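This report covers two topics: the nonpolar cores and the ligand site. The structure comes first.

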Amino acid sequence: MPYEYDDQNIFAKILRGEIPCDKVLETEHSLAFNDINPQAPDHVLVIPKGAYVCFDHFADAASDAEIVDFNRAIGEVCRILGVKPGEGGGGYRLIANAGDNGVAEVPHLHVHVVGGRWLGRMLQPPG
Ligand code: AMP
């Protein structure tokens, strides 16, 4: 079943300029902004400007230019935050939630870039 994109989601409204964001980076095909409810000292969301619901939708349907731009934007956000381990930063975690099991709240692809503190093990135990 093909994805249906809801253009009333909050990130679509940010992309249209209908609500503000705390911008970190903007490129031709991507936008990065601080999460409104940060879970760590560094918590940035990177989104494609195109109408993609989640990562697999993007991987299947986006152009090569969008995919390259998005990945480079994530890397650039890591540089801006100063979290790149190869450059003396403390490291980070990338999270892309999708669907019910992934507990995705916003149906527009976003990668969380989280860092600035020790993040513990990858997943919480169920419960
Ligand atoms: P997810 O559960 O992966 O869908 O994450 C959605 C994220 O969007 C959460 O971390 C929210 O805090 C964040 N969020 C929701 N609304 C906004 C907003 N207006 N600006 C920035 N971040 C937001």
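## Nonpolar cores

In this predicted model, the largest nonpolar core has 16 residues. Those with the most contacts inside this core are Ala32, Val46, Phe58, Phe70, Ile74, Val77 and Val113. Three elements give two or more residues to the core: strand S3 (42-48), helix H3 (64-81) and strand S5 (111-115). H3 gives the most, with five residues. In soluble globular proteins, nonpolar side chains tend to be buried together.

What is Val46 in contact with, leaving aside its neighbours within four places in sequence? Val46 touches Leu31 and Ala32. Phe70, Ala73, Ile74 and Val77 are also in contact with Val46. So much for that stretch; Leu109, His110, Val111 and Val113 complete the list.

A second core is separate and has seven residues. Among them are Leu31, Phe33, Ile47 and Val106.

## Ligand site

The ligand is surrounded by 16 residues. Asp35, Asn97, Glu105, His110 and His112 are the closest. His110 is also on the contact list of Val46.

Which polar contacts does the ligand make? Asp35 uses its side chain: one of its N or O atoms is 2.5 Å from an oxygen atom of the ligand. Glu105 uses its backbone, where a polar atom is 2.7 Å from a ligand oxygen. Ile36 also uses its backbone, with an N or O atom 3.1 Å from a nitrogen atom of the ligand. On its own, the ligand has 500 Å² of accessible area, and the protein covers 85% of this.

Technical notes
Residues are numbered from 1 along each chain as its sequence is written. This is a predicted model: local features need pLDDT of at least 70, side-chain atom pairs count only at pLDDT 80 or more; totals for chains, interfaces and linings use all residues. Side-chain values use heavy atoms; hydrogens and water are left out. A nonpolar core is a set of buried Ala, Val, Leu, Ile, Met, Phe, Trp, Tyr and Cys residues joined through side-chain atoms within 4.5 Å. Buried means under 20% relative accessible area, exposed over 50%, partly exposed in between (1.4 Å probe, protein chains only). Helices (H or I, at least four residues) and strands (E, at least two) are DSSP runs, numbered from the N terminus. Contact means heavy atoms within 4.5 Å. A residue is near a molecule or strand if one of its heavy atoms lies within 4 Å of it. A polar contact is a pair of N or O atoms within 3.5 Å; within protein, one must be able to donate a hydrogen and the other to accept it, and residues adjacent in sequence count only if both atoms are side-chain atoms. Accessible areas come from the Shrake-Rupley method with a 1.4 Å probe; for residues, only the protein chains shown count as cover.
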